[in-house]
Amino acid sequence: MTDTTASTPPTALQPLRIDFVSDVACPWCAVGLKSLETALTRLPEVAVDLHFQPFELNPQMVPEGEDIEEHLTRKYGSTTEQRQQIRGHLRQRGAEVGFTFTEGARSRIWNTFDAHRLLHWAGLQSAQAQRDLKLALLTAYHTNGKNPGERETLLAAVREIGLDAAEAARVFDSGEFSDDVRETESLWLGRGISSVPAVVINEKYLIQGGQPPEAFEQALRQIAAEQQAAQA
């Protein structure tokens, strides 16, 4: 006898919420983002809801910035040889995930608060717009040596990704979203985030640092499996 009972369709897996806490001044954030995206290409069955959250490595940085060698020596006590070794490692890691660190491009450390305001605005347009602006600003700084807090650099990035540059200029000039950015920064600091990149999944799991794609892939696969089992 043929079983005519309708089968129950599988429950659709809810997208994993990913909060990517980072700063455009942070080179490891570029590595982390490209690694995460590489991992996601290997997991087409895993849907994600990606949000970029603000974090300032140097919130007190003056508008004119600071020479990077002086800054890193003062902040970390690193030697020239140590910094050269780290930069070589960064260039290698970046190349592995398709991001270019141009030697000597990052000659100064800049204030990035206005970049976070524009990223907040871009996120109100769409998640894709926010992601594209984030990558454009990371590239402007780490690949092309531009000041990511400068008005024209920000507007050029906005034009590059196809958003309204006139509206972005209005946001920049008005100081809009300053309170939103500060409140969000305080929120993540209050949750214990003190270094970036910090990748928080489903507001529960933390992946810290510029991990390789394999680390993100393994973690996301496991979290998605646990979520699917919980929904079953």
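These are my notebook entries on a sheet, the helices packed on it and some salt bridges in a predicted model.

**Entry 1: the sheet**

I looked up the strand order first. The sheet is open and has 4 strands in the order 2-1-5-6, and the pairing is mixed. I then asked which strands stand at the edges. They are strand 2 (48–54) and strand 6 (205–208); each has a single partner strand, so one side of each is left without a neighbour in the sheet. For the twist I noted an average turn of 20° between neighbouring strands, direction ignored.

Next I took the pair formed by strand 1 and strand 5. Strand 1 covers residues 16–22 and strand 5 residues 198–201; the two run antiparallel and are joined by 4 bridges. I picked out Phe20, and its bridge partner in strand 5 is Val199.

**Entry 2: helices on the sheet**

I checked what helix 1 (residues 27–41) touches. This helix packs on the sheet through strand 1 and strand 2, and its direction makes about 160° with that of strand 1. Helix 9 (residues 213–231) also packs on the sheet, where it touches strand 1, strand 5 and strand 6. For helix 9 I noted an angle of about 145° with the direction of strand 1.

**Entry 3: salt bridges**

I searched the whole structure for salt bridges and found 16. I went through some of them one by one.

Arg131 and Glu37 meet through their side chains, with N to O at 2.7 Å. Arg131 lies in helix 5 (residues 127–142) and Glu37 in helix 1, so this pair ties together parts that are 94 residues apart in sequence. Is Glu37 buried or exposed? Its relative accessibility is 17%, so I enter Glu37 as buried, the cut-off being under 20%.

Arg42 pairs with Glu214, and their closest N and O atoms are 3.4 Å apart. I located Arg42 in the loop between helix 1 and strand 2 and Glu214 in helix 9; the pair links distant parts of the chain, 172 residues apart. Arg42 is partly exposed at 35% relative accessible area, and Glu214 is partly exposed at 45%.

I also looked up Glu152 and Arg159, which form a salt bridge with the closest N and O atoms 2.4 Å apart. Glu152 has a relative accessible area of 41% and is partly exposed; Arg159 is partly exposed as well, at 44%.

Last, I traced shared partners. Which residues do such salt bridges join into one network? I wrote down Arg42, Glu45, Glu214, Glu217 and Arg221.

Technical notes. Residues are numbered from 1 along each chain as its sequence is written. This is a predicted model: local features need pLDDT of at least 70, side-chain atom pairs count only at pLDDT 80 or more; totals for chains, interfaces and linings use all residues. Side-chain values use heavy atoms; hydrogens and water are left out. Two strands pair if DSSP finds at least two bridges between them. Axes are lines fitted to C-alpha atoms, for helices over the stretch in contact, and angles run from 0 to 180 degrees between N-to-C directions. Contact means heavy atoms within 4.5 Å. A salt bridge is a side-chain nitrogen of Lys or Arg within 4 Å of a carboxyl oxygen of Asp or Glu. Buried means under 20% relative accessible area, exposed over 50%, partly exposed in between (1.4 Å probe, protein chains only).
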